[in-house]
Amino acid sequence: MPPSALRATPFAEDQLALIERLLSEATPDQLHWLSGYLAGFQAASSPRARSATSASGVATAPRAPLTILYATESGNAEALARAARKEATRAGFAPTLLDMADTTPATLPAATPLLVIASTWGEGDPPSRALSFYAALLAPDAPRLDGRRFAVFALGDRAYANFCATGRALDARLAELGAERVAPLVECDLDYAAPARAWTAATLAALAPTTEESDPAVIRVDFARLPSAESDDGDAATPASFEATITERLLLSSSRSTSETWHLELDAAGLAWEPGDSLAFAPRNDPALVDAVLATAGLASDETLRAALTERHDITTLTTPGLAAYAALTNTTMLPASFLEGRQLIDLLESSPARLTAADLTSLLRPLPPRLYSIASAPEFSPGSPHLLVSAVRWQSHGRARLGVASLDLIARRSSSEPFPVTLRPNPHFRLPADPSRPIIMIGPGSGLAPFRAFLQRREAVGAHGKTWLFFGARNFTHDFSYQLELQDWLASGVLARLSLAFSRDQPEKIYVQHRLWESRAEIRRWLDEGAVLYICGDAKAMACDVHATLLRIISDATGTGADSAAAWLRTAVADGRYKRDIY
Amino acid sequence: MPPLSRNETIKAESRLLRGTIADGLAAAATGAIAEDDAQLTKFHGIYLQDDRDLRPERAKKRMEKAYMFMARLRVPGGVLTPAQWLAMERLARERANGTLRLTTRQTIQLHGVIKSNLRPAIQGIHAGLLDTIAACGDVNRNVIASPIPTSPIHPEVLAAARAISAHLLPKSRAWHEIFIDGTPVTPGEEEEEKILGRTYLPRKFKIALAIPPFNDVDVFAHDLGLVAIEEEGRLAGYDVLAGGGMGMTHGEPDTFPRTGDLIGFCTPDQLLAVAEAVVTIQHDWGDRADRKHARLKYTIERRGLDTFRSELAHRLGLSLAPPRPYNFTRSGDPSGWLDGENGLSHFLLFVENGRIADRPGRALLTGLSAIAAAHDGRFILTPNQNLLIADISFSQRPRIAELLSRHNLEAPPSLLRRNAMACVALPTCGLALAESERYLPTLITALEQTIASLDLASEEITIRMTGCPNGCARPYLAEIGLVGVRPGIYNLYLGGAFDGMRLSKLYRRELTHDGILAALAPLFASYASSRLANERFADFVIRNGVIRPTTSGKNFHEDLLPDLAA
């Protein structure tokens, strides 16, 4: 059916455009999958299907085994995998949920279908704890997977060049090893919630045991639960939301600092957290930027749109698909990818101003994702009042002052009298060791100090005797030493055994935490030999990479082995829970 | 006997000035060092300070005080090579607050050196063939000498300043050990403080050498003052002055500034022995119980000048010859180009309050770097906090002149400003009670208007300000002295001699900015209308009974106006 045939359908003009665009770009595989999906969707949505689901139940049917394997860094893939498990159970499967961090290709449950949900991290890397599995699967000696059925859901961020690289690689490698792809790879940006639900449903449908009375109803997916796009709220395991107000906002850095680090105290009665957990909230865009975007698009008077741009849409991030979409909308030549460097949506709109409709403009925008901040206090220390350490993000590029969306919302715009919802994002992979006598090494420059303040408060509260070593860094000792007096007190009391400091701009040569790590390499090795757990929190782009590279050097230097075995050592440490990262 | 002051114990237990300074430098979480160690680092030319502007906000921010160190160089006679200047300028940018501070002791201070930069800064100074040893502390401080290179005896006087400084230097290797090479003295290697002893002096000790007719070193303000006597173009020797000093404490009349007493004449070859003997007398006789009465001036007041003289003769094994005549004309610096012999010329660059920094319209730091890079002569720091670009050859002069003019450094400011001088005070000095360096320029601007309106702009009047009564800018030897009492409030002193030979007298207590202007305006007005020919402002106010003259330190607090006596 040529796309033009759709003209005879009951779709509205803009819906038609979307369908046409999708169909014209789809591969045969995708079209095939979509036809099955639509059949399942239609059938499951019918009253008959729903009653069949609820009435017939699945209790008597033998449950088909299913493995749901996830690779997660920040917890999104894990949350999706949990949601998928719920759906799979409902659909009559006997699902097994597996974290890639805890398994190997060789020990995957035999012969069961495989649902893979994998996020991509930073510039195209697998999540750190999944590295070991990933490497083993891509290794030449990986076990064959002939006949095993699979589907991959990939999470990523279009702001990075190697979008969804991990999911892509896993998808390709599983097929290469002989597995049978039952659904094409789905790649998702930040607005993954609805596609994830659709993918789960369709894939489960495709995997459903076929019987002779193969009625679409046996897919047993409760499509009725599918929320509309407007009520998107992340995933099925939506965490409880708490009303919070900001009770204290204190600029920690000196009035002479070249940066701004704020200490925030929130009143969030009832919130119970563990040191290492994060708090999520929905930021609002800078009203001045919203105005600028609206004005440039010729939509300054659309108050509904203004509200939507303020609260729901990402109006800063610019991606390659965004350039393409804008070129299509405005009938202009697509700008080269180099335009992205240091630029945002407003720069694109201003590059060739065009009067847009509200729908045109929003079609360019991704949803505004919630923002996470590591909680900087332990619940024993500030019950019901999580502390946050917020670095104000401000920079200049292409002649324009840019403001971080979430940080400026928290420190400057959000009224302290206005309650706002926050949700707890537990971080089970970034917790203090259960054994309070175990030594810990914490590397947390800048706002990466936050969870370690919570760690130290916890260790103080429980009287833990394990040695603690903190690496902190910032620009200037005098102006940027966050919580200096508290850290001095912990040094004096022994809660903090060692403190290594790196201030980059105090001297002609830049000194960062990785330099202090290297200087202390012999001692670091001793601590690791004593079983120390290594934590890294903070900037993912530069700091975490540099620290990781330095740790590799330290290990290969100490063991006299090559980089490969040092990498293997670190992978084992990740698998053993001795190398934990919370980076952003 | 009263108990020894706390500092005496610190010194005695310091293992010749080591204390636990090295441990303190290694403690990275704090910008400070232990309190006792902060007394000891002074002997190494290093003060622990903090940025007092930041004090109010620090506690709220969960930060300790904004600690930082001041490092003061030892530069006897104030002579640097251009390469040394460039090295110090680089240290200022890389390890300190980006400025250099020239001081009244003819040296350079680096301010705002945080602890992690202290060793690198001191090592940089050492690499520049300079040091900070004994620039502060209970020792003989930097020896200063008239910087006028046009004098035929300047080379000999400069050499004498260097020789005295070296002779009286602590012999402890602590400075090298702590800041430079980290190598402790090996057992068996003895350091012996033959002159200073292991508790060093009871208090600071200052020596200055003047070359008349210039009293730019304020030779009467030092524990030991030496007036070079030139006879037929040769250095005949020195008149010796003992017991000068500036410091006092508000509200304690038994503390006072004092001009040195003239006690005789020594030949150049007797000079080191005289200096050593005066130092050892003070070592043995000085008050080690009360640091406020520990300077040589109080020792001499207590024991009597005659006793001191005979002890000196006893220790020297000879009596000093009778003093020879000399004549001083001024205590301030000349200004601009000075022509010397051998085709060399010199440029005396006015540096407002000694601060070398780039300011809008006047790129002093940058300009001097350019000059230093081009200059093959010397840089001489003056005791008035100015800078002499010395020994400019005939062929180089156009180049230096061009650089001065390009950086807007050639045009001289008003005479009033050129003869004004302030100590550092806030925000770095821990002793400051009020602003000084940051405020004096504003006050001078206001006074300039009065002076101009009275047609006094061609008169030279010395004005000196300090943020506390300790007197680093020697305010009690100025015609107009302003001494900080509390923020924004100053005591006004008048009558110090233009040539630095007479102390001033308190004229008004606790004046605000407006109060200072109101107090001085009528005096300037009557000076303008009824001064005698060539009469100095200080002499005028005494002749007119505005204040009584101070004839010696002992009567500094006496003969006040009736309403001030309280």
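**Exercise 1.** Find the residue that stands opposite B:D239 in β10(B), then place both strands in their sheet.

*Solution.* Step one: B:D239 stands opposite B:F265 in β10(B). Helices and strands here are DSSP runs, numbered from the N terminus: H or I with at least four residues for helices, E with at least two for strands. Step two: β9(B) and β10(B) run antiparallel and are joined by five bridges. Two strands pair if DSSP finds at least two bridges between them. Step three: the open sheet has five strands, in the order β6-β7-β8-β9-β10 (chain B), with mixed pairing. Its edge strands are β6 (144–145) and β10 of chain B, each pairing on one side only.

The model is predicted: local features need pLDDT of at least 70, side-chain atom pairs count only at pLDDT 80 or more, and totals for chains, interfaces and linings use all residues. Residues are numbered from 1 along each chain as its sequence is written, while chains are lettered from A and ligands numbered from 1 in the order in which they are written.

**Exercise 2.** Describe how β8(B) is joined to β7(B) and to β9(B).

*Solution.* Start with β7(B): β7(B) and β8(B) pair in the parallel sense over four bridges. One bridge partner of B:I207 to locate is B:L224 in β8(B). Now turn to β9(B): eight bridges join β8(B) to β9(B), and these two run antiparallel. Here B:I229 has B:G237 of β9(B) as its bridge partner. The two strands form a hairpin with two residues between them. In that turn, B:E232 has a positive phi of about 55°. Finally, check the cover: six of the eight residues of β8(B) are buried. Buried means 20 or more other C-beta atoms within 10 Å of the residue's own, exposed means 12 or fewer, and partly exposed lies in between; C-beta atoms are placed from the backbone.

**Exercise 3.** Is B:Y238 buried or exposed, and why?

*Solution.* First, locate B:Y238: strand β9 of chain B. Next, count: B:Y238 is buried because 28 other C-beta atoms lie within 10 Å. Then list contacts (C-beta atoms, placed from the backbone, within 7 Å). Beyond its neighbours within four places in sequence, B:Y238 touches B:L226, B:V227, B:A228, B:I229, B:F265, B:C266 and B:L271. Last, take B:L226: 12 residues away in sequence, with a C-alpha to C-alpha distance of 5.5 Å from B:Y238.

**Exercise 4.** Identify the helices that pack around this sheet, and their partners.

*Solution.* Take α9(B) to begin. It lies across β7 (207–210), β8 (224–231), β9 and β10 of chain B. Its angle to β9(B) is about 10°. Axes are lines fitted to C-alpha atoms, for helices over the stretch in contact, and angles run from 0 to 180 degrees between N-to-C directions. Move to α10(B), residues 296–303: B:L296, B:K297, B:Y298, B:T299 and B:I300 are buried. These residues pack against β9 (234–242), β10 (261–266), α9 (271–285) and α11 (305–316) of chain B. Just after α10(B) comes B:G304, with a positive phi of about 90°.

**Exercise 5.** State how many residues each chain gives to the contact between A and B, then break down the chain A side.

*Solution.* Chain A gives 18 residues and chain B gives 16. On the chain A side, α15 (477–480), α16 (484–493) and β19 (498–503) each give two or more residues. The largest share, six residues, comes from α16(A).

Note on methods:
Two residues are in contact if their C-beta atoms, placed from the backbone, lie within 7 Å.
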